[in-house]
Amino acid sequence: MHNQEFFLQALIYLGAAVVTVPLAKKLGLGSVLGYLLAGIIIGPFVLGWVGQADEVMHFAEFGVVLMLFIIGLELEPALLWRMRRSIFGLGGLQVLVTAIVITVIALMMNFQINRAIAIGLILALSSTAIVLQTLSEKGLLRNVAGRSAFSVLLFQDIAVIPILALLPLIATLGQPADISESTLSNLGKVAQMPGWLQLLIIFGVIAVIVFIGRFVARHIFRLIAETGLHEVFVAMALLMVIGIALVMDFIGLSPALGTFIAGVVLADSEYRHELETTIDPFKGLLLGLFFISVGASINFSLFIENPLLIVSLVLLLIVIKFTVLLILGRIFRLKKGFEFLFAFLLAQSSEFSFVLISFSKQNKLFDEYTSALLLLVVTLSMAVSPLLLIFNDKAVSPILARWQNKLEYDEVEEQENPVILAGFGRFGLVIGRILLANNFKVTILDNNPSNVEVLRNYGFKLYFGDVTRPQMLENAGIKNARMLILSMAEHDDALKVASYVREKYPHVKILARAKDIFHVFEYFKLDVRTVQREMFESASELGAKALVELGFTRYEAYRATRTFNHHEELVTSELYKHWLEDHQKFMRETQRFREQVSETLQAEKNYSIHDSECAWDVDTLKEEALSNSKKDTPDSKS
Amino acid sequence: MKKILILFAHPAYQKSIINKALINGVRDLKGVTINDLYEKYPDFFIDISAEQKLLLQHDIIVWHHPFYWYSAPSIIKEWMDLVLQHGFAYGRQGRALEGKWVMSAISTGGRAEVYSKTGSNHFTVNEFLAPFNQSVSLCRMLYLPPFVTHGSHTITGSQLDGQVSAYRQLLILLRDEKLQAEDFDKIQYMNQLKATHA
C-alpha cells in the first residue's frame, strides 16, 4: 500500500534524525552534521533503507524557503538597507572573484571555456541552508561575521536568477546550438517572454508581494486570529509562503528570495512573533529532512573509484573559496578574528548547485560523469562544512585569541543574579562597586581580557565575554535578570544590545551609559529612559568646584550646579523633540559635536540657568519691610 | 573655661548682612568653634559621627541662624534629625550630651513688637522656639534664652555694631563661666543680660 510505504519512509527519516541529531549535539558537532550522518547511515551506501533521496531533497528544499521567510521576519527594512554595501559589495565580489578563480582552474584542467565558466558560477555559491542553520544555532546571526555571511548568501540568492538564464546561453558557446523547447520551459514560462516584459513582471510581482504584506496581510491575519483557531492561522501562514514560492517559481525567481521579501515586509507587523513560531517547526523539520537527503545522496561508489581525486577536488574547492572569502573579509574590514569565521562559514558549495548542475546537464553542458563528479564534490563540501566550523572554533580561534592576547569567553556560573553589568571599565567599575557595596548580586561582564585579569586579582568576580552576542547574554542569565546596565564604551554595540534585549526580554529594565546627547536620544527612541551621559555629571561637579574657588559658598555652588543640571534636563527633552522631527539632520556624524553645542545653546535661550533668587533674603522683601517700617511686617523671612 | 560650638546655618550667606556681621564678630574668639553647616554639607549629607564628636568636645552649643518661617533653615532640622540620635542624645542610654547648655542665636525680619500675643505674629519668639526648647530638654541639656536680632531688614549700622559686640560679650561670658543657671530665670532674651553683666 502506498500509504504504508510513505509512513515507513517517514519512520526511517524521523528515527534516524531522532537518534543521530541529539548524539551529534551532545558531541558538540551541531545538528547539521547530525542530520548529514543520519542521511549517510540510512542512505544506499550504508544501510540502504532509503533509495533515491533526490525527490525527498527537492521537497525538503522548501525548508530553505521557510528559513528565509523567518530570517526576513527578523530583519527590518531599515536594517536591510544599511546592509546594502555588504550585500552588493561583499556578496557581488565574492561570487565574481570565486567564479573567476574556479573558472581559471577549470580551464587549466582542460575544460572548455563555457564549461569552465559554468563550473565557476555553480561552485561559487554557498549553502544558505547549512550556513544559516549553523548561525542561528550558534546565535551568530547578529554577529559581524554572521551578518556578512548572510549578506553574501542573500546576494547569491539574487544571483541564481541570472545564472539560470546564463547557463543555456553559454551552453551554445563552442558547440552547435541545441536549445530545445523543454530547456526553455525549465526556466519558467516568463523566461520565454521578451526581456523588458520579464523585468516588468518581476517588479510587478515583487510590488504585489510588498503591497499585500504591508496593507492586506495584517487584516487577514487579524480576522483569522479573532477566530481563535490556531490551526487556521498555521494554514494561512503556510498558504502565504507556499503561494509566494509558487509565484516566484513561475516567474523564474528564487522562491527563497520571494519569501524573504515577504518576511521583511511583515517584520514590523504585530503578527511577526506568531508567524515566526508557527513556521519555525516546519522549517526545522524540512531543513532536517533536507540535510538527511543530502547525506543520503552522497555517491560513495564514485568516491571509492577515485578517492584521491575526489578528496583533492573537495579540498581545492574549499581552499579557493576560503582564501577568496578571507581576503574579501580583510578588505571589508571585518573585526579581527571574525574574517576567519566568515571564511569558514561560507567555504562550501550550495544546494542551489544541485539544481544548477542538473540544469546544465539537461543543457548538454556537462556529461554524466562530470555532473556526477561535481555533485559529489558539492555534497562533500557541504558535509565537511560543519567540521570546518568545529576546526575554527577549536583550533583557529584559540590561536587567534592567543595572538591577540585574548581569552576564551567565560561560562557564567550564577544564573539568578538580578543585575547584569556589561562593561567594567572606568565607568562600570563605579556602578559595580556601588551595587556590590549594597549587597546586590551582580553578574559582571567585560570584553577586555587584561582588565578582567587585573580586577580578578582584586577579588571582583567578573567574566570575560561579549554581550553583543545573544548567546553571551543568555549565558549570563538575562532570562532571570531584573536589570541590565550597559556601561560599556562601545556605544553603538550597546545600543544594539539594548534594542535586542528590549525586544527579546521586555521584562529586563535597561540602564545605559550614553556618549553624548544624541546617543541619549537613540536610547530614548528605544524607550530606554534611564540614561546617563558619561561626561556630563562629573564635568558639572568640577564646575561646582570652580565656582567655590571663585568665591561662591559651597552651598551656593551646589545650588548653581544643580540648577544647571536641571536646566540641562529640560533642554535635553526639548532637543529630543526636535531630533525626532528632524532625524536626518542630526545623523551627519561629522557635524555631530558642533551641532550639539549650537542646538543646546539655542534651546538654552528659553530657560534661565542661574539659580533662582532663592527664597532667602529676597530684595523685594527687604523693600517691603523698609516701606512698611511703621506697620507690623508679617515675618516669614529673616 | 568652657568650649563653645556654634552651629551656623545660612543658605544665602553671600547675601547675608546681619548674620555675616555677627559670625565674623566672634570668629577670632578663643574656645569658640564655628561649624558652618551649609558650607560643610552643601548636599545635606551630614557626617553623623563627626558631628557627634564635635558635640562631645564642647560644653555650650549655639544654633546660630536666621529665623526662617519662625524656625531654622532646613539644614538645622536635618542636623537635629540625624545627629541627635536615640541612644546618643536621648533615650535611656542616651546621656552623651547631659548637662550641656544650648542657646539659639537668631535674627528676625520683624521688629520685637510683632512677636507678642497682640502683634501680627501672635506668639512670642520664645513660644516659637518651643520645639528647640523641648528637644534640648529631652537630651537632658539646659536651653538658655535666645540671643535675638530683630528688624534685620531695617537695622542701622550702629545698631548692628551694638548687636555684634553684645553677641561677642555674651559668648565671652558664657565661655569664661561668668553666668549661672539662675541668671537666665527672669529674662526673655539673652540680650537683656547686657544690663546686669556688662
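Two strands are taken to pair when DSSP finds at least two bridges between them, and I begin there because that cut-off underlies every pairing I will describe. With it in hand, we can look at one such pair in chain A of this predicted model: β5(A) and β6(A) run parallel and are joined over four bridges, and within that pairing A:Arg513 stands opposite A:Gln532 in β6(A). Between the two strands the chain passes through α24(A), and the resulting β-α-β crossover is right-handed.

Let me stay with that helix for a moment. Helix α24, residues 517–525 of chain A, lies across β5 (509–514) and β6 of chain A, and its direction makes an angle of about 165° with β5(A).

On the other side of β5(A) we come to strand β4, residues 483–486 of chain A, which runs parallel to β5(A) and is joined to it by four bridges; here A:Leu486 has A:Ala512 as its bridge partner in β5(A). Helix α23, residues 491–504 of chain A, completes a right-handed β-α-β unit with β4(A) and β5(A).

Now the sheet as a whole. In chain A six strands form an open, parallel sheet, and their order is β3-β2-β1-β4-β5-β6. Why do β3 (462–464) and β6 (530–533) of chain A each have one side without a neighbour in the sheet? They stand at the edges, each with a single partner strand, so one side of each is left free of a sheet neighbour. From one strand to the next the twist averages 20°.

Also in this sheet, strand β1, residues 419–422 of chain A, pairs with strand β2, residues 442–446 of chain A, in the parallel sense over four bridges, and A:Ala422 stands opposite A:Leu445 in β2(A). Leading into β2 of chain A there is a loop, coming after α20 (426–437), and A:Phe440 lies in it. Is A:Phe440 buried or partly exposed? It counts as partly exposed, because it has 15 C-beta neighbours inside 10 Å, whereas a buried residue needs 20 or more. Setting aside neighbours within four places in sequence, A:Phe440 is in contact with A:Pro418, A:Val419 and A:Leu435. A:Pro418 is 22 residues away from A:Phe440 in sequence, yet the two C-alpha atoms are 7.8 Å apart in space.

Let me step back to chain A in general. It has 29 helices and six strands, and of its 638 residues 40% count as buried. Among its contacts between residues at least 6 apart in sequence, 72% join residues at least 24 apart. One helix that is mostly covered is α13, residues 255–265 of chain A, where eleven of its eleven residues are buried, including A:Pro255, A:Phe260 and A:Val265.

The largest nonpolar core has 124 residues, and those that touch the most other members are A:Phe69, A:Ala149 and A:Phe290. Helix α9, residues 144–171 of chain A, gives the most to this core, with 14 residues. Leaving out neighbours within four places in sequence, A:Ala149 is in contact with A:Val131, A:Leu135, A:Phe342, A:Leu345 and A:Leu346. Apart from that core lies another, of 60 residues, among them B:Leu37, B:Ile75, B:Leu97 and B:Ile106.

Those names bring us to chain B, which has eight helices and six strands, following the pattern β-α-β-α-α-β-α-β-α-α-β-β-α-α along the sequence. Buried residues make up 41% of its 198 residues, and, among its contacts between residues at least 6 apart in sequence, 80% join residues at least 24 apart. Strand β1, residues 4–8 of chain B, pairs with strand β2, residues 32–36 of chain B, in the parallel sense over five bridges, with B:Asp36 in β2(B) as the bridge partner of B:Phe8. Together with helix α1, residues 18–26 of chain B, these strands make a right-handed β-α-β unit.

I will close with confidence. The mean pLDDT of chain A is 80, and 85% of its residues reach 70 or more. Where in chain A does pLDDT stay under 50? One stretch is residues 175–187, for which the model has 15 contacts beyond four places in sequence, and another is residues 631–638, for which it has 27 such contacts. Where pLDDT is low, the predicted coordinates should not be read in detail.

Definitions and conventions. Residues are numbered from 1 along each chain as its sequence is written. Chains are lettered from A and ligands numbered from 1 in the order in which they are written. This is a predicted model: local features need pLDDT of at least 70, side-chain atom pairs count only at pLDDT 80 or more; totals for chains, interfaces and linings use all residues. A crossover is right-handed if, with the strands pointing away from the viewer, the path from the first strand over the helix to the second runs clockwise. A residue is buried if 20 or more other C-beta atoms lie within 10 Å of its own, exposed if 12 or fewer, and partly exposed in between; C-beta atoms are placed from the backbone. Two residues are in contact if their C-beta atoms, placed from the backbone, lie within 7 Å. pLDDT is the predictor's confidence in each residue, from 0 to 100. Axes are lines fitted to C-alpha atoms, for helices over the stretch in contact, and angles run from 0 to 180 degrees between N-to-C directions. A nonpolar core is a set of buried Ala, Val, Leu, Ile, Met, Phe, Trp, Tyr and Cys residues joined through C-beta atoms within 7 Å.
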